[in-house]
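Student: I would like to learn how to read the features of a model one at a time, with the general idea first and the particular case afterwards. Could we begin with charged side chains?

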Amino acid sequence: MENKISNLLSRIKDSDSKLKILIAIGLISVLLIALSEALPKSTEKKHTDNTSYSAYITELENKTCELISSINGAGRCKVMITLKVTNESVFAKNSNENSNDGSFSNNSEYVLYNGQSGEEPLLIKEYFPEIQGVAIVCDGADNTVVKEEIINAVSSLFNISVSKISVSKLKG
């Protein structure tokens with residue numbers, strides 16, 4: 001084996017410069033391919049569920065506050081919204097059910113596709129979290145008519161019962 005390697009090296013030394021360039025290019029290519037496998041495939045940052053969850057709540061609160069502030073007599077307001085659970089995602093699955101001689105087996109696996117960061121499961125539906133309750137603090141909460149309008153608006157906006165909505169006076 002050593003003889004073969006030393007023979008090859010001596011032939012490279014004796015050969016012309018074109019062959020040396022081709023061999024150098026080949027070695028560099030192999031080295032680059034090996035390095036590309038070692039480097040991370042994606043430098044894209046993914047948001048965590050907590051970040052998107054917080055952003056979703058903040059956006060809901062801001063839009064609700066804007067809506068309530070536009071009600072005549074409500075004035076300045078602050079809104080806090082609580083959610084029951086985080087987002088729920090439904091992914092595509094291949095299922096195979098077998099029933100032989102009184103025994104039953106069920107095999108299922110997610111359907112995958114080539115995404116930006118490799119194979120990813122195929123998303124069918126995504127459900128946003130349900131609103132559990134809304135607390136509102138505003139200038140006009142001491143007026144019963146304004147308070148009732150705010151409660152009705154929020155109840156119909158989020159399809160929640162009025163018992164899950166609290167409206168209080170904003171301190172001065």
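Student: With which residue does R76 form a salt bridge, and how far apart are the closest N and O atoms?

Tutor: Please keep in mind that this is a predicted model. To call a pair a salt bridge, one looks for a side-chain nitrogen of Lys or Arg within 4 Å of a carboxyl oxygen of Asp or Glu. Here R76 pairs with D139, and the closest N and O atoms are 3.1 Å apart. Because R76 sits in the loop between α3 and β1 while D139 sits in the loop between β8 and α4, the pair ties together parts that are 63 residues apart in sequence. D139 itself counts as partly exposed, at 23% relative accessibility.

Student: How many salt bridges does a search of the whole structure find?

Tutor: The search finds four, and another of them joins the side chains of K84 and E130, at 3.5 Å from N to O. K84 belongs to the loop between β1 and β2 (88-91), and E130 to the loop between β7 (123-127) and β8, so this pair ties together parts that are 46 residues apart in sequence. With a relative accessible area of 42%, K84 is partly exposed, whereas E130, at 52%, is exposed.

Student: What separates E59 and K63 within helix α3?

Tutor: These two are four residues apart in helix α3, which means that about one helical turn separates them. Their side chains meet in a salt bridge with an N to O distance of 3.2 Å. E59 is partly exposed, at 43% relative accessibility, and K63 is exposed, at 54%.

Student: Let us turn to the interior. Which residues touch the most other members of the largest nonpolar core?

Tutor: The general idea is that, in soluble globular proteins, nonpolar side chains tend to be buried together. In this model the largest nonpolar core has 23 residues, and V134, I136 and I150 touch the most other members. Helix α3 (49-69), strand β1 (77-83), strand β8 (131-138), helix α4 (144-158) and strand β9 (165-169) each supply at least two residues of this core, and α4 gives the most, with five. If one sets aside the neighbours within four places in sequence, I150 is in contact with I68, I71, A74, I136, C138 and V167.

Student: Is T64 buried or exposed?

Tutor: A residue is read as buried when its relative accessible area is under 20%, and T64 counts as buried because its value is 2%. T64 lies in helix α3, where a polar atom of its side chain lies 2.7 Å from the backbone oxygen of L60. Not counting residues up to four places away in sequence, T64 touches V79, I81, V154, L157 and F158.

Student: Where does V162 lie, and which residues does V162 touch?

Tutor: V162 is in the loop between α4 and β9, and, with residues up to four places away in sequence not counted, V162 touches I151 and S155. At 46% relative accessibility, V162 counts as partly exposed, while S155, in helix α4, is buried, with a relative accessible area of 16%. Seen from S155, and leaving aside neighbours within four places in sequence, the contacts are I160, S161, V162 and I165. A distance can be read alongside these contacts: V162 and V134 are 28 residues apart along the chain, and their C-alpha atoms are separated by 9.6 Å.

Key
Residues are numbered from 1 along each chain as its sequence is written. This is a predicted model: local features need pLDDT of at least 70, side-chain atom pairs count only at pLDDT 80 or more; totals for chains, interfaces and linings use all residues. Side-chain values use heavy atoms; hydrogens and water are left out. A nonpolar core is a set of buried Ala, Val, Leu, Ile, Met, Phe, Trp, Tyr and Cys residues joined through side-chain atoms within 4.5 Å. Buried means under 20% relative accessible area, exposed over 50%, partly exposed in between (1.4 Å probe, protein chains only). Contact means heavy atoms within 4.5 Å. A polar contact is a pair of N or O atoms within 3.5 Å; within protein, one must be able to donate a hydrogen and the other to accept it, and residues adjacent in sequence count only if both atoms are side-chain atoms.
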